[in-house]
Amino acid sequence: MMVLNMWFFILLMFMFGNMIFISKHKHLLIVLLSLEFIVLSIFFMMIMYLSYIEYDMYMLMIFLLFSVCEGALGLAILVSMIRTHGNDYFQSFSML
């Protein structure tokens, strides 16, 4: 029963992260935080799944490596956008 509650909680985290990602796209910082929330829920999902099948947790280290790289790239884009445009609104720059 406890495992089923954890799967439900992880699915709820994933759905809330996706809802925030879809609905709040005015600021880049909120989009980046919702992406990190989605990555965190996927990380928890991988922990639950890999412990359920009693598999090695080495894949989690690779996943964490890519998620840290994704977060660093997102912050670099955020800093460069704030330096050039003065804010993190998506409307303030063109997508060309």
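Is Phe-37 buried, partly exposed or exposed? Keep that question in mind as you visit these close-ups of a predicted model.

**View 1. Phe-37 sits in helix α2.** Here is the reply to the opening question: Phe-37 counts as partly exposed because its relative accessibility is 30%, which falls between the 20% limit for buried and the 50% limit for exposed. Phe-37 also belongs to a nonpolar patch on the surface, together with Phe-8, Leu-12, Phe-16, Met-19, Leu-40 and Phe-44. The accessible area of these residues together is about 640 Å². Helices α1 and α2 each give the patch at least two residues, and α1 provides the largest share, with four.

**View 2. Phe-21 of helix α1 meets residues further along the chain.** Find Phe-21 in α1, then look for Val-31, Ser-34, Leu-35 and Ile-38, which Phe-21 touches when residues up to four places away in sequence are left aside. Where is Leu-32 in relation to Phe-21? The two are eleven residues apart in sequence, and their C-alpha atoms are 8.4 Å apart in space. Phe-21 has a relative accessible area of 35%, so this residue is partly exposed.

**View 3. Ser-41 is a buried residue of helix α2.** With a relative accessibility of 0%, Ser-41 counts as buried because the limit for that label is under 20%. Leaving out residues up to four places away in sequence, Ser-41 touches Ile-10, Met-13 and Phe-14. Ser-41 has company: the buried residues of α2 also include Val-31, Leu-32, Ser-34 and Ile-38. Among the elements that cover the buried residues of α2 are α1 and α3.

**View 4. Helix α2 can be followed from end to end.** This helix has 25 residues and reaches 36 Å from its first C-alpha to its last, close to the 36 Å expected at 1.5 Å a residue. Just past α2 comes Glu-54, with a positive phi near 55°.

**View 5. Helix α3 packs its buried residues against α2.** Trace α3 through residues 58-85, 28 residues in total. The distance from the first C-alpha to the last is 41 Å, close to the 40 Å expected at 1.5 Å a residue. Which residues of α3 are buried? They are Leu-60, Ser-67, Gly-71, Gly-74, Leu-78 and Met-81, and they pack against α2. Just after α3, look for Gly-86, where phi is positive at about 90°.

**View 6. Lys-26 lies in the loop between α1 and α2.** The loop joins α1, residues 2-23, to α2, residues 28-52. Because the relative accessibility of Lys-26 is 48%, this residue counts as partly exposed. Now look for a partner from much later in the sequence: Tyr-89 is 63 residues away from Lys-26 along the chain, yet their C-alpha atoms are 5.8 Å apart in space. Setting aside residues up to four places away in sequence, Lys-26 touches Asp-88, Tyr-89, Phe-90 and Gln-91.

**View 7. Three stretches carry a UniProt label.** An unreviewed UniProt entry lists residues 6-22, 29-52 and 58-82 under "transmembrane region". In the model, residues 6-22 are 100% helix and 0% strand, with end C-alpha atoms 24 Å apart. Residues 58-82 are likewise 100% helix and 0% strand, and here the end C-alpha atoms are 37 Å apart.

Methods
Residues are numbered from 1 along each chain as its sequence is written. This is a predicted model: local features need pLDDT of at least 70, side-chain atom pairs count only at pLDDT 80 or more; totals for chains, interfaces and linings use all residues. Side-chain values use heavy atoms; hydrogens and water are left out. Buried means under 20% relative accessible area, exposed over 50%, partly exposed in between (1.4 Å probe, protein chains only). Contact means heavy atoms within 4.5 Å. UniProt positions are given in the numbering used here, feature names are shortened, and annotations may be inferred rather than shown by experiment. The expected span of a helix is 1.5 Å times one less than its number of residues. Patches are made of residues with over 30% relative accessible area and no salt bridge: like charges are joined within 9 Å, nonpolar side chains (Val, Leu, Ile, Met, Phe, Trp, Tyr) within 5 Å. Accessible areas come from the Shrake-Rupley method with a 1.4 Å probe; for residues, only the protein chains shown count as cover. A salt bridge is a side-chain nitrogen of Lys or Arg within 4 Å of a carboxyl oxygen of Asp or Glu.
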